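Trainee: I'd like a close look at a single part of this protein, with the rest as background. Start with the whole thing, please, and then zoom in.

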Amino acid sequence: MPTLNPNCGFTEAVAQRLKAALPVFDANAPLDVHAAGADLAAYFDTYGFSRMSAVANYHMGKLLIDERQVITHLWMPAGAQQAAFVAHGLFDHVGLYLDLV
């Protein structure tokens, strides 16, 4: 499991800015993590996701489900032949599976 890095500048204010700026989730529109700005970089660095952007396309957005906003993430490695769907908390669950991506 990756080590959480609290020194990367990911604060509550950064989280709120990212949340406010999120587009509707689109699995056909990956984000360019390197060009997305300092807030997304701080988020990636804090949770140890930076290394994944070198091997997979990253998609992030929001879905409205039963009147609740659900933040959605998708990492799509080149040449992927199978997929895993993990639901619930990001770091508590997805962070456990970083080595599978």
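How much area does the protein expose, and what share of it do carbon and sulfur atoms supply? After that, please take me through helix α2 (residues 38-47).

Mentor: Sure, whole protein first. It exposes about 6,900 Å², and carbon and sulfur atoms supply 55% of that; the areas come from the Shrake-Rupley method with a 1.4 Å probe, and for residues only the protein chains shown count as cover. Keep in mind that this is a predicted model, where local features need pLDDT of at least 70 and side-chain atom pairs count only at pLDDT 80 or more, while totals for chains, interfaces and linings use all residues. Residues are numbered from 1 along each chain as its sequence is written, and side-chain values use heavy atoms, with hydrogens and water left out.

There are three helices and two strands, in the order α-α-β-β-α from the N terminus. Those labels are DSSP runs numbered from the N terminus: H or I over at least four residues for a helix, E over at least two for a strand. Of the 101 residues, 26% count as buried (under 20% relative accessible area; over 50% is exposed, and in between is partly exposed; 1.4 Å probe, protein chains only).

Now for α2. Its buried residues are Leu40, Ala42, Tyr43, Phe44 and Thr46. Here's a handy rule for reading a list like that: an α-helix has 3.6 residues a turn, so residues three or four places apart point the same way. Leu40, Tyr43 and Phe44 turn up again in the largest nonpolar core, among the residues with the most contacts inside it. Phe49, Tyr58 and Trp75 complete that group of well-connected residues, and the core has 13 residues. A nonpolar core here is a set of buried Ala, Val, Leu, Ile, Met, Phe, Trp, Tyr and Cys residues joined through side-chain atoms within 4.5 Å. Helix α1 (12-21), α2 and β1 each supply at least two residues of this core.

What about charges? A search of the whole structure finds one salt bridge, and α2 has a part in it: Arg17 in helix α1 pairs with Asp39 in helix α2, 22 residues apart, which links distant parts of the chain. Their side chains meet at 2.8 Å, N to O; the cut-off is a side-chain nitrogen of Lys or Arg within 4 Å of a carboxyl oxygen of Asp or Glu. Side chains of opposite charge can pair when their charged atoms come close. Arg17 counts as partly exposed, at 45% relative accessibility.

Asp45 is another α2 residue to find. With a relative accessible area of 36%, Asp45 is partly exposed. Look for Cys8 too: Asp45 and Cys8 are 37 residues apart along the chain, yet their C-alpha atoms are separated by 6.1 Å.

Last stop, the end of the helix. α2 is followed by Gly48, with a positive phi near 80°. Other positive phi values turn up at Asp66, about 50°, and at Glu67, about 65°, although neither Asp66 nor Glu67 is a glycine. Asp66 lies in the loop between β1 and β2, and Glu67 is found there as well. At 71% relative accessibility, Asp66 counts as exposed, and Glu67 is exposed too, at 78%.
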